[in-house]
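Reader: I'd like to learn how to read burial, ring pairs and strand pairing off a model. Can we go through them one at a time?

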Amino acid sequence: MEHPENEEQYTGLTVNDGVAQPPKVNPYAVRRKRKPMPTAAELVDGILRGDVTMLSRGVTLVESFNPDHQALAQEVIEKCLPHSGRSRRIGITGVPGAGKSTSIDAFGLHVLKDGGKLAVLAIDPSSERTKGSILGDKTRMERLAVHPNAFIRPSPSAGSLGGVARKTRETIVLCEAAGFDNIFVETVGVGQSETAVHSMVDFFLLIQLAGTGDELQGIKRGIMEMADGIVINKADGDNVSRAQLAQAQFRNALHLFPPTASGWVPEVLCYSGYYEIGIAEVWDMIDRYFAFAKANGYFEKRRLEQSRYWMYETIDETLRSRFYNNPDVAALLVDNERRVLDNRLSSFIAARNVLDFYFKQTNK
């Protein structure tokens, strides 16, 4: 490289060429160009063909907060909706460490041995720094992760109460359109908002442990009333007797609850996800439930109730999003928040001021 500073008129000034740059590690490497975003028609066509790559890109659009991505995702969902609804949706929850991911690995292989396709939507804990998925669950589904008929999608809970990703309901629609006839929805752990998972699945499975000293702590009225089946994990080795004792305690507790809306009496079973003991019995229980719910019409009734629930949930979130993303409201919130912190205004009056301003703005 030539330097004009080395010419004769610039006496006393010399610029060296510097250190020669080392050659590339791979001189034949070519930087790949990023693939353009497919159109809604291309995504729908790929999803309906069962293309996992297109399904993954569709789910990414669903989870995106970009307005353009959201508009494209809604168009894809609308076109996939007529092809959805033909799967068995199973929610799986339990306290952290109960063995949910290991159990899903065993349950999934048991389901896939008879054919079909399985999608696992694992709600991962979010990183406090990046708000992204920690991706820990997928590493504990070693065999299922490499199965050709399985699709595992960890999604960040994004701090939502109870660890439920709001976009999971829309992701279920895309997975069903792609031909997945069994869908597992795994949650982070037991929380107050597990009702959100309950409102998007057909069967709600609660995994419990025995021998941890908190059997009574595990008997929570809210979560017990939602459960269609309760299973005691790690019933192996010296823990079998403790698991059977916990099984009896949970069965006794279920007698104290009112009858379920479906008329189904929840069953309590013992199994070992790690050693794959009792897996077939757990799945037989799930089969019996679906046969029971479809025979008395509760299955279709529940699906309709879920659709209505998510209509109102979508309205609530849209209103919340538009409120907080309004720049005028955001500026007014900062001002009122400062006045509240300075004890110059009460919280209730500040909230009323902001809401009144927003309502007047929207009524123009």
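Author: Sure, burial comes first: buried means under 20% relative accessible area, exposed over 50%, and partly exposed in between, with a 1.4 Å probe and protein chains only. This is a predicted model, so local features need pLDDT of at least 70 and side-chain atom pairs count only at pLDDT 80 or more, while totals for chains, interfaces and linings use all residues. Residues are numbered from 1 along each chain as its sequence is written, and side-chain values use heavy atoms, leaving out hydrogens and water.

Reader: Which residues of H11 are buried, and which are exposed on the other side?

Author: Helices (H or I, at least four residues) and strands (E, at least two) are DSSP runs, numbered from the N terminus. In helix H11 (residues 240–254), Ala243, Ala246, Gln247, Phe250, Ala253 and Leu254 are buried. Seen down the axis, those buried residues fall within an arc of 125°, so they line one face of H11; the arc is taken over the directions from the helix axis to the C-beta atoms. Leu245 and Asn252 are exposed on the other side of H11.

Reader: Now strands. How many of the residues of S4 are buried?

Author: As a general idea, side chains in a regular strand alternate between the two faces of the sheet. In strand S4 (residues 182–186), five of the five residues are buried, so the strand is largely enclosed by the rest of the structure. One side has Asn182, Phe184 and Glu186, the other Ile183 and Val185, and all are buried.

Reader: Which way do S1 and S4 run, parallel or antiparallel?

Author: Two strands pair if DSSP finds at least two bridges between them. Strand S1 (residues 88–94) and S4 run parallel and are joined by five bridges, with Gly91 opposite Val185 in S4.

Reader: And the rings: how many aromatic pairs are there?

Author: An aromatic pair is described by the distance of the ring centres and the angle of the planes. Rings of Phe, Tyr and Trp (its six-membered ring) pair if their centres lie within 6.5 Å; planes under 30 degrees apart are stacked, over 60 edge-to-face, and the rest tilted. The whole structure has 13 aromatic pairs. Phe203 and Tyr289 make an edge-to-face pair, 5.1 Å centre to centre with 70° between the planes. Phe203 lies in strand S5 (residues 203–208) and Tyr289 in helix H12 (residues 279–295), so this pair ties together parts 86 residues apart in sequence. Phe203 counts as buried at 0% relative accessibility, and Tyr289 counts as buried at 2%.

Key:
Expected span 1.5 Å × (residues − 1).
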